[in-house]
Amino acid sequence: MTHKLDTAARAPAAEGRGGATAEPERFVPDVVEHGGPLRGQPQTLNRRLFLQLQVFTGCFDVGAVVDAVKQSGLEAVVYANVNDARGVGVLVTSEDPAVFAQAARELYLSEPFLPLVPLPDFTMLGRTYATGREPDLEYFLLYKARRHALNPELGWAVWYPLRRIGAFNRLPKSEQGKIMAEHAMLGRAYGEAGYAVDIRLECHGLDRDDNEFVIGILGSELHPLSKLVKDMRSTRQTSEFIQSMGPFFVGRVIYQAPLIDAAASRRQEGY
């Protein structure tokens, strides 16, 4: 027997006034960064800073690497890889991501990088982002990460990517906020005590392994950075909602480009 589809059994479409079918709400992409209100006005900015870490092994002449990075004119940091006696890492910052496919690429395809072996597992690329609460949006997006990365007083760095489980994204925004506030409180305490500062980057769609964030923890000593990572393990975000973290790159600064942009001297006290 042939059965006809009972159209009456279908789920009814949403109806508006007068019985008319309501159109689904149209999604409008928002690619602008939003900060906290400034003098009663919303802050928005369609600019952000990209940072990329490239890691290499087989380096027997660190001085030649530093000279090449200096001559490139890139705003960059060179690290000695603490866990690889022949390893170096190069962190490059730019508002224009094309720099990583052009000027930085040219650097890595020339001497003294040609004999080195790249380690793609440690490649990290991310961008600064706003949470909607920043009192000085431009400073936060464009200068804060650069001030930290290029600060000669911060000679140690731990860089790592992370991914949260999907369940976090299904939580109400208010619950997400509480979880993140607990996490941020620890980082703020380390910063206020002068032990560590952090660089937080989003990397959705930019990471080979589908990570969501790149984190850099920087300080004048290595031990507090390790202790901060340990203390973070007890927060609800890390203990319940982190799917993966790492690999971890531990670097000692060998060279930092000078922070020459005058606007980068801006500092929001207490921020």
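**A hairpin, its second partner, and the cores**

Modeller: Strands E4 and E5 form a hairpin with 6 residues between them. This is a predicted model, in which local features need pLDDT of at least 70, side-chain atom pairs count only at pLDDT 80 or more, and totals for chains, interfaces and linings use all residues. Residues are numbered from 1 along each chain as its sequence is written, and side-chain values use heavy atoms, with hydrogens and water left out.

Biologist: What makes E4 and E5 a pair?

Modeller: Strands are DSSP runs of E with at least two residues, and helices are runs of H or I with at least four, both numbered from the N terminus. Two strands pair if DSSP finds at least two bridges between them. E4 and E5 have 5 bridges in the antiparallel sense, so they meet that condition. One bridge joins alanine 76 to valine 92 in E5.

Biologist: Which strand is joined to E4 by another 5 bridges?

Modeller: That is E12 (residues 249–256), which runs antiparallel to E4. Alanine 80 stands opposite arginine 252 in E12.

Biologist: Why is E4 called largely enclosed?

Modeller: A residue is buried under 20% relative accessible area, exposed over 50% and partly exposed in between (1.4 Å probe, protein chains only). In E4, 5 of the 6 residues are buried, so the rest of the structure largely encloses this strand. In the whole chain, 42% of the 271 residues are buried.

Biologist: What makes a set of residues a nonpolar core?

Modeller: The members must be buried Ala, Val, Leu, Ile, Met, Phe, Trp, Tyr or Cys, joined through side-chain atoms within 4.5 Å. The largest such core has 23 residues, and Val69, Val92, Tyr108 and Phe113 have the most contacts inside it. Among the elements giving it two or more residues are strand E3 (50–57), helix H1 (62–72) and strand E4 (76–81). H1 gives the most, with 4 residues. A second, separate core of 21 residues includes Val77, Leu91, Trp159 and Cys203.

Biologist: Which residues are in contact with phenylalanine 113, leaving aside its neighbours within four places in sequence?

Modeller: Contact means heavy atoms within 4.5 Å. On that basis the partners are Phe56, Val65, Ala68, Val69, Val90, Leu107 and Tyr108.

Biologist: How do you know what span to expect for helix H6?

Modeller: The expected span is 1.5 Å times one less than the number of residues. H6 (residues 173–192) has 20 residues, for which 28 Å is expected, and its 27 Å from first C-alpha to last is close to that. The buried residues of H6 are Gln176, Ile179, His183 and Tyr190.
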